[in-house]
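Visitor: Could you take me closely through the salt bridges of this model, with attention to how exposed the partners are? Please add whatever else helps to place them in context.

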Amino acid sequence: MIHIAICDDEIDMSNQIKVFVSDFFHKKNREITIQLFSCGEELLEYNGQIDILFLDIQMKGMDGIETARKLRADKFRGFLIFITVLKDMVFQSFEVQTYDYLVKPIQEKQFKKTMERLYASMQNASEDSLLVQKGYESRIIQKNDIVFCEIIDRKIYLNLISDEVIDYYERIENLEMKLDNRFFRCHRSYLINLKHLTGYQNGTAYMDNGKKIPVSRLRGKEFSSVVLQYMKNL
């Protein structure tokens with residue numbers, strides 16, 4: 001399931017984007033949910049998951065730029081697409097990690113072009129993110145947000161800095177291939193993010209969320225070398 005939000009104070013524009021979005025993902029045979037919001041304040045009160053956000057820049061009350069700033073400060077990591085009347089407005093959006101922008105009136109051809117690129121990004125995930133598939137659910141996780149990964153009975157458990165734990169079925173060997181050199185497999189059942197490592201002593205890695213992760217004797221020597229190399233590259 002892909003969770004989509006549309007925030008625009010023009011109901012006709014919201015409905016148009018809703019139709020475009022529904023049609024696009026229907027052709028991809030992907031299930032979605034769509035939430036509509038009429039202002040930034042209403043959007044900020046929403047506590048549900050958002051993977052893709054269409055956000056109008058010029059709205060009454062809090063504008064889209066300020067709304068996006070607050071969302072990013074509150075750990076929103078989804079794809080952000082601004083909707084605007086003026087192309088010049090896009091230059092104000094760089095700081096909030098905008099994926100793209102759509103200029104009103106939105107043409108279906110323009111919309112599809114943006115969505116095809118975004119969908120490819122979701123499928124492949126970026127260097128800094130991980131696409132997690134759990135049944136029909138899809139979720140994009142920032143790699144820096146992962147403290148460590150644990151495997152129990154063929155199931156992966158991603159332990160995040162927010163204290164959330166995401167579980168899904170995958171081989172740890174496959175996950176290891178999707179990660180980069182900031183991660184180290186210190187034990188047959190654990191992959192740790194060196195960014196969140198605070199110490200190592202007597203076969204135990206200490207993480208910044210307070211967790212203690214075992215380091216196997218076979219990997220202890222390599223672990224010390226990997227940590228030193230990681231620190232040199234910071």
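**Salt bridges and their surroundings**

Guide: Glu66 is partly exposed, with a relative accessible area of 29%, and in this predicted model its side chain forms a salt bridge with Arg69, the closest N and O atoms being 2.8 Å apart. Arg69 is likewise assigned a relative accessible area, in its case 34%, and counts as partly exposed. Both residues belong to helix α3, and because they are three residues apart there, about one helical turn separates them.

A second pair can be followed in helix α4, where Glu108 and Lys112 lie four residues apart, about one turn of the helix. Their side chains meet in a salt bridge with an N to O distance of 3.7 Å. Glu108 is partly exposed at 35% relative accessibility, and Lys112 is partly exposed with a relative accessible area of 33%.

A further bridge joins the side chains of Lys178 and Glu170, with 2.7 Å from N to O. Here Lys178 is partly exposed, with a relative accessible area of 40%, whereas Glu170 counts as buried, because its relative accessibility is 14% and the limit for buried is under 20%. Apart from such pairs, Asp8, Glu10, Asp56 and Lys104 are joined into one network by salt bridges that share partners. The structure holds 15 salt bridges, of which those described here are a part.

Lys104, a member of that network, also takes part in a cis peptide bond with Pro105, for which omega is about -10°. Pro105 is found in the loop between β5 (100-103) and α4 (108-124), the helix that holds Glu108 and Lys112.

Charged residues also appear in the lining of the largest pocket, which encloses about 720 Å³ of space. Its lining consists of 25 residues, and those nearest its centre are Asp74, Lys75, Phe76, Arg77 and Arg139. Among the elements that give two or more residues to this lining is α3 (64-73), along with α2 (40-44) and β7 (137-142), and the largest share, four residues, comes from β7. By class, the lining divides into eleven nonpolar, six polar and eight charged residues.

Two aspartates with unusual backbone signs complete the view. Asp153, in the loop between β8 (146-152) and β9 (155-160), has a positive phi near 50° and is exposed, with a relative accessible area of 68%. Asp163, in the loop between β9 and β10 (165-169), has a positive phi near 80° and is exposed at 62%.

How values were computed
Residues are numbered from 1 along each chain as its sequence is written. This is a predicted model: local features need pLDDT of at least 70, side-chain atom pairs count only at pLDDT 80 or more; totals for chains, interfaces and linings use all residues. Side-chain values use heavy atoms; hydrogens and water are left out. Buried means under 20% relative accessible area, exposed over 50%, partly exposed in between (1.4 Å probe, protein chains only). On a 1 Å grid over the protein atoms alone, a cavity is a set of points where a 1.4 Å probe fits but cannot get out, and a pocket is an open set with protein on both sides within 12 Å along at least five of seven lines; lining residues have an atom within 4 Å of a point. Grid points are joined across faces, edges and corners, and a volume is the space filled by probe spheres set on the points. Ala, Val, Leu, Ile, Met, Phe, Trp, Tyr, Cys and Pro count as nonpolar, Asp, Glu, Lys and Arg as charged, and the others, Gly among them, as polar. A salt bridge is a side-chain nitrogen of Lys or Arg within 4 Å of a carboxyl oxygen of Asp or Glu.
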